[in-house]
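Trainee: I'd like to practise reading a fold with you. Could we go through the strands and then the helix that packs on them?

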Amino acid sequence: MTMEAKIQELIDKCNNKMAENEEMKKEVESLKKVFNFDLDTEKYSMKLENAKIGDFKPEFAENADVVVTTTPEYFEQLLSGDLRPMRAYITKKITIKGKIQDLMFLKKFF
């Protein structure tokens with residue numbers, strides 16, 4: 001499975017959770033954020049708006065609120081649970097530009 005397909009799978013999972021859980025939906029429905037993911041040779045963007053993640057593209061969006069930079073290998077380890085998010089951040093295996101709070105709330109949806 002490609003990284004793009006894995007990210008789309010996570011987006012679908014997140015959107016399903018928000019659609020099924022009214023409390024989660026209320027928590028994020030007022031937020032409007034743009035995220036860029038720089039995975040070295042792969043670049044992706046997505047938007048959170050109206051309690052739904054959409055507009056997922058294999059390119060950077062302009063004026064992103066959050067930019068996450070890592071390698072495909074570290075990203076894969078994060079997805080599989082072999083690398084904990086805080087450890088990755090502290091050891092600089094992942095860098096985040098923007099308000100970390102904007103990214104941290106997404107963690108609970110995945």
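Mentor: Sure, and keep in mind that this is a predicted model. Start at the hairpin of E1 and E2: two residues lie between the strands, and Asp-40 takes a positive phi near 70 degrees there.

Trainee: How do E1 and E2 run, and how many bridges join them?

Mentor: The general idea comes first: strands of a sheet pair through backbone hydrogen bonds, either parallel or antiparallel. Here E1 and E2 run antiparallel, joined by eight bridges. To find your place on the model, take Lys-32, whose bridge partner in E2 is Glu-49.

Trainee: And which way does E1 run with respect to strand E4?

Mentor: Those two are parallel, with four bridges between E1 and E4 (residues 66-69). Look for Asp-38, which has Thr-69 as its bridge partner in E4.

Trainee: What is the strand order of the whole sheet?

Mentor: Read it as E3-E2-E1-E4-E5, an open sheet of five strands with mixed pairing. E3 and strand E5 (95-98) are at the edges with a single partner strand each, so each has one side without a neighbour in the sheet. On average, neighbouring strands are turned by 20 degrees against each other, direction ignored.

Trainee: What links E2 to E3?

Mentor: Four bridges, and the two strands run antiparallel. One pair to look up is Leu-48 with its bridge partner Ile-53 in E3. H1 packs on the sheet, where it touches E1, E2 and E3, and its direction makes about 165 degrees with that of E3.

Trainee: Why is E1 described as largely enclosed?

Mentor: Count its buried residues: seven of the eight in E1 are buried, so the rest of the structure largely encloses this strand.

Trainee: Now the helix. Which residues of H1 are buried?

Mentor: A general point helps: an α-helix has 3.6 residues a turn, so residues three or four places apart point the same way. In H1 the buried residues are Met-3, Lys-6, Ile-7, Leu-10, Ile-11, Cys-14, Asn-15 and Met-18. They pack against helix H2 (22-28), strands E1 (32-39), E2 (42-49) and E3 (52-57), and helix H3 (72-80). H1 itself covers residues 3-20 and reaches 26 Å from its first C-alpha to its last, close to the 26 Å expected.

Trainee: Is Asn-15 buried or exposed?

Mentor: Asn-15 has a relative accessible area of 13%, and buried means under 20%, so Asn-15 counts as buried. Leaving aside residues up to four places away in sequence, Asn-15 touches Lys-52 and Ile-53.

Technical notes: Residues are numbered from 1 along each chain as its sequence is written. This is a predicted model: local features need pLDDT of at least 70, side-chain atom pairs count only at pLDDT 80 or more; totals for chains, interfaces and linings use all residues. Side-chain values use heavy atoms; hydrogens and water are left out. The expected span of a helix is 1.5 Å times one less than its number of residues. Buried means under 20% relative accessible area, exposed over 50%, partly exposed in between (1.4 Å probe, protein chains only). Contact means heavy atoms within 4.5 Å. Two strands pair if DSSP finds at least two bridges between them. Axes are lines fitted to C-alpha atoms, for helices over the stretch in contact, and angles run from 0 to 180 degrees between N-to-C directions.
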